[in-house]
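Colleague: I have a new model on my screen and I want to learn how to read it. Can you take me through it, one feature after another?

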Amino acid sequence: MKHLHLRSVLLIAAAIPTCTPVATAAYLGQEPPPEAGRVERTSDQPGSDAWISREVKARLMGARDVPGSEIHVETRGGMVSLSGQVGSQAEADRMVTAARAVDGVISVDDSGLIIGEPSN
């Protein structure tokens, strides 16, 4: 009976180290792995650059007195750049206001907007 009990104890003692999480020991006292705490932003999630660009473009297309279809929208890190031809400074200002109203937009650069009617 003592041999059976001793075998059980040895079997349990041998199994315990395999049950402990290895990752905890590997990162003890170190920075967390790159995946920890990082949120992947896909183009479908609000706040991602692709989502912001689509939302800004949609707002420009829906705004009155703004030629939204002729404006290029590019977003990097929440910073929106607008470029294209607009008829007046008032149109450019309305575009900037519409772009700033989108969630996740940090800043709007309108230096790519050309004011005035296109020359043919």
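Modeller: Start with the words for the elements. Helices are DSSP runs of H or I with at least four residues, strands are runs of E with at least two, and both are numbered from the N terminus. Keep in mind that this is a predicted model.

Colleague: How many helices and strands does the chain have?

Modeller: There are 4 helices and 3 strands. Read from the N terminus, their order is α-α-α-β-β-α-β.

Colleague: What order do the strands take in the sheet?

Modeller: The order is 1-2-3, in an open sheet with mixed pairing. Strand 1 (71-76) and strand 3 (107-115) are at the edges, and each has a single partner strand, so one side of each lacks a neighbour in the sheet. On average, neighbouring strands are turned by 15 degrees against each other, ignoring direction.

Colleague: In which sense do strand 1 and strand 2 pair?

Modeller: The sense is antiparallel, over 6 bridges, and strand 2 covers residues 79-86. For one facing pair, find His 72: Ser 83 in strand 2 stands opposite. Now look at the hairpin that joins these strands. Between them are 2 residues, and Gly 77 takes a positive phi near 60 degrees.

Colleague: Next, side chains on a strand. Where do they point?

Modeller: The general idea comes first. In a regular strand, side chains alternate between the two faces of the sheet. Strand 1 follows this alternation. Ile 71, Val 73 and Thr 75 point to one face and are buried. His 72, Glu 74 and Arg 76 point to the other face and are not buried.

Colleague: Why does Thr 75 count as buried?

Modeller: The cut-off for buried is under 20% relative accessible area. Thr 75 has 9%, so it counts as buried. Beyond its neighbours within four places in sequence, Thr 75 contacts Asp 49, Ile 52, Ser 53 and Val 80. Its C-alpha atom is also 8.6 Å from that of Val 105, although the two residues are 30 apart along the chain.

Colleague: And Gln 85, is it buried, partly exposed or exposed?

Modeller: Gln 85, in strand 2, is partly exposed, with a relative accessible area of 24%. Compare sequence and space here too. Gln 85 and Glu 117 are 32 residues apart in sequence, while their C-alpha atoms are 7.4 Å apart.

Colleague: Which helices lie across the sheet strands?

Modeller: Take helix 3 (residues 49-62). It lies across strand 1 and strand 2, at about 155 degrees to strand 1. Then find helix 4 (residues 89-100). It lies across strand 1, strand 2 and strand 3, at about 155 degrees to strand 3.

Colleague: How should I read a nonpolar core?

Modeller: In soluble globular proteins, nonpolar side chains tend to be buried together. Here the largest nonpolar core has 18 residues. Val 56, Leu 60, Val 80 and Leu 82 touch the most other members. Helix 3, strand 1, strand 2, helix 4 and strand 3 each give two or more residues to this core. Helix 4 gives the largest share, 5 residues.

Colleague: Now the charged residues. How many salt bridges are there?

Modeller: Side chains of opposite charge can pair when their charged atoms come close. A search of the whole structure finds 2 salt bridges. One joins Arg 59 and Glu 55, with the closest N and O atoms 3.5 Å apart. The other joins Arg 76 and Glu 74, at 2.9 Å from N to O.

Colleague: Why are Arg 59 and Glu 55 separated by about one helical turn?

Modeller: Because they are 4 residues apart in helix 3. Arg 59 is partly exposed, at 34% relative accessible area. Glu 55 is partly exposed too, at 25%.

Colleague: How exposed are Arg 76 and Glu 74?

Modeller: Arg 76 is exposed, at 59%. Glu 74 is partly exposed, at 35%.

Colleague: Last, what can I say about the whole chain?

Modeller: Of its 120 residues, 22% count as buried. The accessible surface is about 8,800 Å², and carbon and sulfur atoms hold 58% of that. Then look at contacts with a separation of 6 or more. Residues 24 or more positions apart account for 56% of them.

Technical notes:
Residues are numbered from 1 along each chain as its sequence is written. This is a predicted model: local features need pLDDT of at least 70, side-chain atom pairs count only at pLDDT 80 or more; totals for chains, interfaces and linings use all residues. Side-chain values use heavy atoms; hydrogens and water are left out. Two strands pair if DSSP finds at least two bridges between them. Axes are lines fitted to C-alpha atoms, for helices over the stretch in contact, and angles run from 0 to 180 degrees between N-to-C directions. Contact means heavy atoms within 4.5 Å. A nonpolar core is a set of buried Ala, Val, Leu, Ile, Met, Phe, Trp, Tyr and Cys residues joined through side-chain atoms within 4.5 Å. Buried means under 20% relative accessible area, exposed over 50%, partly exposed in between (1.4 Å probe, protein chains only). A salt bridge is a side-chain nitrogen of Lys or Arg within 4 Å of a carboxyl oxygen of Asp or Glu. Accessible areas come from the Shrake-Rupley method with a 1.4 Å probe; for residues, only the protein chains shown count as cover.
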